[in-house]
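Trainee: Hey, have you got a minute to walk me through this one? I'd like to get my bearings before I start clicking around.

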Amino acid sequence: MNQELKKLIDEQKQKTFLPEFRDKVTDARALGVLISQHFKWDGLQILEAAFSALEDANFHVEATKVADMIQELK
């Protein structure tokens, strides 16, 4: 799974960023662009994905703040 995700991230870097900047683009930034495009720039779905990631990583306080943002958008 991680290798497949890494491949998608690397492909996103190639598609999205200019060659002179690709080496400086973090995986997190490229994944963020990939997520944004996957959800067709729907901020609510992007926040829901971020919430799930934070919960999974045991960042419960931060996840609660994202949950509040989700509720505001609904």
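**A chat about the helices**

Mentor: Let's begin with one residue: Gln12 has a relative accessibility of 1%, so it counts as buried. Keep in mind that this is a predicted model.

Trainee: Where does Gln12 sit?

Mentor: Gln12 is in helix α1, which covers residues 2–16.

Trainee: And which residues is Gln12 in contact with, leaving aside its neighbours within four places in sequence?

Mentor: With those left aside, Gln12 is in contact with Phe17, Ala30, Val33, Leu34 and Gln37.

Trainee: Okay, how do α1 and α3 sit relative to each other, roughly parallel or roughly perpendicular?

Mentor: Helix α3 is residues 27–38, and its axis comes within 9 Å of the α1 axis, crossing at roughly 85°. Angles from 65 to 115 degrees count as roughly perpendicular, so that is what we call α1 and α3. On the α1 side the contact is made by Leu5, Lys6, Leu8, Ile9, Gln12, Lys13 and Thr16. On the α3 side you'll find Asp27, Ala30, Leu31, Val33, Leu34 and Gln37.

Trainee: Let me zoom out. How many helices and strands are there in the protein chain?

Mentor: The protein chain has five helices and zero strands. Read from the N terminus, the elements go α-α-α-α-α. The C-alpha trace spans about 40 × 25 × 20 Å along its principal axes.

Trainee: What share of the residues is buried?

Mentor: Of the 74 residues in the protein chain, 15% are buried. As for contacts between residues at least 6 apart in sequence, 20% join residues at least 24 apart.

Trainee: Since it's a prediction, what's the average pLDDT of the protein chain?

Mentor: The average is 96, and 99% of the residues score at least 70. Confidence is lowest in helix α2, residues 19–22, with a mean of 92. It is highest in α4, with a mean of 97.

Trainee: Back to α3, then. What span should its twelve residues have?

Mentor: At 1.5 Å a residue, α3 should span 16 Å, and its end C-alpha atoms are 16 Å apart, so the two agree.

Trainee: Is there a residue in α3 you'd pick out?

Mentor: Try Ser36, which lies in α3. Its relative accessible area is 17%, so Ser36 is buried. Not counting residues up to four places away in sequence, Ser36 touches Trp41 and Ile46.

Trainee: Where is Trp41, and is it buried or exposed?

Mentor: Trp41 is in the loop between α3 and α4. With 60% relative accessibility, Trp41 counts as exposed. Its phi is near 60°, a positive value in a residue other than glycine.

Trainee: What about Lys40, where does that one lie?

Mentor: Lys40 also lies in the loop between α3 and α4, and comes just after α3 with a positive phi of about 55°. Lys40 counts as exposed because its relative accessibility is 65%.

Trainee: On to α4. What caps its N-terminal end?

Mentor: Asp42 does: one of its side-chain oxygens lies 2.9 Å from the backbone nitrogen of Leu44. After α4 comes Asn58, with a positive phi near 65°.

Trainee: And how far apart are the end C-alpha atoms of α4?

Mentor: They are 20 Å apart. The 14 residues of α4, residues 43–56, should span 20 Å at 1.5 Å a residue, so that agrees.

Trainee: Which residues in α4 should I click on?

Mentor: Two to try are Ala49, found in α4, and Phe51, found in α4. Ala49 has a relative accessible area of 27%, so it is partly exposed. Phe51 is at 28% relative accessibility, so it counts as partly exposed.

Trainee: How far in space is Ala49 from Phe39?

Mentor: Their C-alpha atoms are 9.7 Å apart, and Ala49 and Phe39 are ten residues apart in sequence.

Trainee: Last one: what is Phe51 in contact with?

Mentor: Leaving aside its neighbours within four places in sequence, Phe51 is in contact with Ala63, Val66, Ala67 and Ile70. Also, Phe51 and Val61 are ten residues apart in sequence, with 11 Å between their C-alpha atoms.

Note on methods. Residues numbered from 1 in each chain as written. Predicted model: local features only at pLDDT ≥ 70, side-chain atom pairs only at ≥ 80, totals over all residues. Heavy atoms only, no water. Helix = DSSP H or I, 4+ residues; strand = E, 2+ residues; numbered from the N terminus. Expected span 1.5 Å × (residues − 1). Polar contact = N/O pair within 3.5 Å; in protein donor to acceptor, adjacent residues only side chain to side chain. pLDDT = per-residue confidence, 0-100. Buried < 20%, exposed > 50% of the residue type's maximum accessible area, 1.4 Å probe, protein only. Contact = heavy atoms within 4.5 Å. Axes fitted to C-alpha atoms, helices over the stretch in contact; angles between N-to-C directions. Parallel < 35°, antiparallel > 145°, perpendicular 65-115°, else oblique.
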